[in-house]
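Me: Please take a close look at one part of this model for me, the place where the two chains meet, and then work from there into the chains themselves. I would like one connected account that I can follow with the structure open beside me.

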2 protein chains.
Amino acid sequence: MRRKGFIVTALINRAAGTFGESPASGLVCRNCGATFPLGAQHACFECFGPLEIGYDPERLARVTRADIEAGPYSLWRYAGLLPAGHNPLTRVESGTGMTPLIRADKLADRLGFTAPLWVKDDSANPTHSFKDRVVSVAITAARELGFTRIACASTGNLANSVAAHATRIGMDSIVFIPSDLESAKVTQTAIYGGTLVAVEGSYDDVNRLCSELSETDEFESTAFVNVNVRPYYAEGSKTLGYEVAEQLGWRLPQQVVAPMASGSMLTKVNKAFKELVSIGLVDALDYRVYGAQSSGCSPIAQAFADGTDTVIPVKPTGIAKSLNIGNPADGPYALDAVRSTGGAMAHVDDEEIRAGIQLLAETTGVFAETAGGVTTAVLKKLVESGQLDPSRETVIYNTGDGLKTLDAVSDRVQPTATIPPTIKGMRAAGLL
Amino acid sequence: MRRKGFIVTALINRAAGTFGESPASGLVCRNCGATFPLGAQHACFECFGPLEIGYDPERLARVTRADIEAGPYSLWRYAGLLPAGHNPLTRVESGTGMTPLIRADKLADRLGFTAPLWVKDDSANPTHSFKDRVVSVAITAARELGFTRIACASTGNLANSVAAHATRIGMDSIVFIPSDLESAKVTQTAIYGGTLVAVEGSYDDVNRLCSELSETDEFESTAFVNVNVRPYYAEGSKTLGYEVAEQLGWRLPQQVVAPMASGSMLTKVNKAFKELVSIGLVDALDYRVYGAQSSGCSPIAQAFADGTDTVIPVKPTGIAKSLNIGNPADGPYALDAVRSTGGAMAHVDDEEIRAGIQLLAETTGVFAETAGGVTTAVLKKLVESGQLDPSRETVIYNTGDGLKTLDAVSDRVQPTATIPPTIKGMRAAGLL
């Protein structure tokens, strides 16, 4: 009676779709353009530049709106535009994606918008951050490539997602985090029972260790989602772009604001928009991409302000730990995406971040983690400085959940009153 | 350019559906059967018994599987079976519902199941508990009934949900909680900026105060979701039954395990299953309903063990605060649902609850709050005692998120090792 083996999530409309083969054609160096066959490679053999997935434009162009709309209500509806997961029976389906796009009229009013303002709320994913997207794609690719263990270097959200997905599909996991992470994120990872290694150092130290380990014999069968299968992993973020376009009724917004850690996610949203235009799923539009960082770790925003392409690594500080990558791998590409679309970047300090969390929650009912506070506060700052146009339709990305970083705001908000359980108590508190 | 006014969530397939009119025909006393017209009434004028929604069987029977499947990917796809929200333009759409039904093979193996075991994971709702369901329906009904403010007595999750929904749709809110609630739940409610009143007393004291307040002139325009609009509110839980049936491919599971606080949710799952059979959307099946409580607050399970219909109120203790209702309004109806289907009830202590959270997380990747730990631990206990049959297909309900009650497990789980950021450190820790 019981179907043994692979654990599935029951989603309605788990249609097989028409994506018989992957549209990916190979790995392409983002530096020198050299191409390589698909596999577990992340750096160019020619110039050591980072690789990304290249696609066969004809295979991408076969994907129609109808195909997508007939697919599952998850990020896998876009399988025809992704490098892995074309077989619905072997992809990792955790119900990730298709998170709400929330109309933020009260926030729009507060900030003086005359055009619609939306929040794409990725705290609705299974482990409550956008990392479930990249992990869904990375872990699916890793299994297709024959890896037996999954690993990552993480500032917290990725750790949560890797550990949860690994145990659900019965794969071993080993997760590396900085030892000073928020305790909530440590507990939420450790609870899943995989191997969790706290590393005395910054995220950049953790990342370096993972790069070294990925070269050892002992880790030959281990896929580090953001190291040796990073080209697949990173493509998962494209779905943040696809979904916004589909949820707006197959059109692009005029402005988007995204937080930046490595800078990867922002570049992939831009890539997604360009792909949708090139294959004819949406009309072309002069959209602008804006990047948000915390002042405690703003190497990309600093390079933007300085008008340079060179991102100078920093030692991160501040409460937005999920964004604390001091040596951002995709910094130059994020700068290019923002500059080429006519957007801008800004950074905000811890006090502004806290206020940003509160502003977003009070006006939209979305309780964001510190990264969402960064994005909201940067939106406000960019409007005030005139760099972001409040008469253009805008989408901001909330990438994580406020419950993960409660300490950031727990002293800012308190009950209105504490009373005895009586009508008299209500009157004494001025509530009646 | 900007459409002012009501804030909507962009959901794909927000089809209008064919539910032009409500299937609700009136309010029915669950004690004496007296009927009343639909309105903001919750107690019988004849016998003071609790009222629930009565439906016109013909109107319910008009709903087809195709109607539902063509609806939005949220609980509103079942609008044809609910007492409010028939107009897609005025219903409160927060993307609640259609949460994952997760195949739990590893948990099944651990507990000796030979039949499929599933977890219905309601932590995937917007504020990460099943309360978003009842609030979606209650706040929609409250607005249709002309109320201008929304209120509740809450053990935490309901407070989160009411405050978030209220601010999103621009309605005032006043939320009452026991002053000893977990700080995470206080912060997650206070962050939305509505009025939050901490009451020195138990949930039952808070509830009593709300009942008194709902009779005052000052609260005439205030809908207490679980007091004066409770009949509407409670119906939202039916969607937990509908979704499981649809996600299983339009059939009922043979056994379900649900946590009990007031007992309402469990009775509504049973009501949903019965309705689906009566209108022909699923085949009849001898399913069994099981109820789970914490030993610190087990008045319903105690009455079950004692073979009585009389639920004796208790003073709640223990870590499962979201279930700590000592005087459960729907206790007798929960007893009837369990007994009439041949199910059983059990309760588990705090240590078992913590182990239950960990067991569920390790085997399924679902991190539950204490209530989910109660349900998982009770599942284990009922299998071990022979009261729940592991050869019958079973669904357990996880009603809330582990991030809300982190303290319950934070000392149980720790990193595997803490190391310096070197290969040597990995070797010293025995990880290489």
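Reply: In this predicted model, chain B is superposed on chain A by a rotation of 180° with 0.0 Å of shift along the axis, and the fit has an RMSD of 0.0 Å. That is how two copies are related by a two-fold axis. The same surface is used by both copies, in that 99% of the contact residues of chain B recur in chain A.

The contact itself draws 81 residues from chain B and 80 residues from chain A. If the side of chain B that touches chain A is sorted by class, 42 of its residues are nonpolar, 25 are polar and 14 are charged. Part of the link between the chains is made by strands: β9 of chain A, residues 195-199, runs parallel to β15 of chain B, residues 417-419, and three bridges join them. To find this place on the screen, look for A:A198, which stands opposite B:T418 in β15(B).

From the contact we can move into chain B, where strand β6, residues 117-121, is mostly covered, with five of its five residues buried. The covering applies to both faces of β6(B), since B:L117, B:V119 and B:D121 are buried on one side and B:W118 and B:K120 are buried on the other. For a bench reader it may be useful to note that the buried positions on these two faces include B:D121 and B:K120, residues that are classed as charged. β6(B) also has strand partners. Strand β5 of chain B, residues 101-103, pairs with β6(B) in the antiparallel sense over three bridges, and within that pairing B:I102 has B:V119 as its bridge partner. Strand β14 of chain B, residues 394-398, pairs with β6(B) in the parallel sense over five bridges, and there B:W118 stands opposite B:V395.

Turning to chain A as a whole, its secondary structure comes to 15 helices and 15 strands. The C-alpha trace of chain A spans about 70 × 50 × 45 Å along its principal axes. For 432 residues a compact globule would have a radius of gyration near 22 Å, and the 21 Å of chain A agrees with that. Buried residues make up 63% of the 432 residues in chain A. Among the contacts in chain A with a separation of 6 or more, 70% are between residues 24 or more positions apart.

Helix α12 of chain A, residues 331-341, gives a local view of how such burial is arranged. Its buried residues are A:G331, A:P332, A:Y333, A:A334, A:L335, A:A337 and A:V338. The elements that cover these buried residues of α12(A) include two helices, α10 (264-278) and α11 (299-306), together with two strands, β12 (288-294) and β13 (345-348), of chain A. Just after α12(A) comes A:G342, which takes a positive phi of about 80°.

Another glycine with a positive phi lies in a hairpin of chain A. Strand β2 of chain A, residues 24-29, is joined to β4(A) by five bridges, and the two run antiparallel; in this pairing A:A24 stands opposite A:Y55. β2(A) also pairs with β3(A), again in the antiparallel sense, over two bridges, where A:V28 has A:T35 as its bridge partner. β2(A) and β3(A) form a hairpin with five residues between them, and A:G33 in the turn has a positive phi of about 80°.

The loop that follows brings in a residue of another kind. Most residues other than glycine have a negative phi. A:F48, however, has a positive phi of about 65° although it is not a glycine, and its place is in the loop between β3 (35-36) and β4 (51-55) of chain A. A:F48 counts as exposed because 10 other C-beta atoms lie within 10 Å, where the limit for exposed is 12 or fewer. In chain B, B:F48 likewise has a positive phi of about 65° and sits in the loop between β3 (35-36) and β4 (51-55) of chain B. B:F48 is exposed too, with 10 C-beta neighbours inside 10 Å.

Definitions and conventions
Residues numbered from 1 in each chain as written. Chains lettered and ligands numbered in written order. Predicted model: local features only at pLDDT ≥ 70, side-chain atom pairs only at ≥ 80, totals over all residues. Least-squares fit on C-alpha atoms with pLDDT ≥ 70 in both. Contact = placed C-beta atoms within 7 Å. Pairing = 2+ DSSP bridges. Helix = DSSP H or I, 4+ residues; strand = E, 2+ residues; numbered from the N terminus. Buried ≥ 20, exposed ≤ 12 C-beta atoms within 10 Å, placed from the backbone. Rg over C-alpha atoms; globule rule 2.2 N^0.38 Å.
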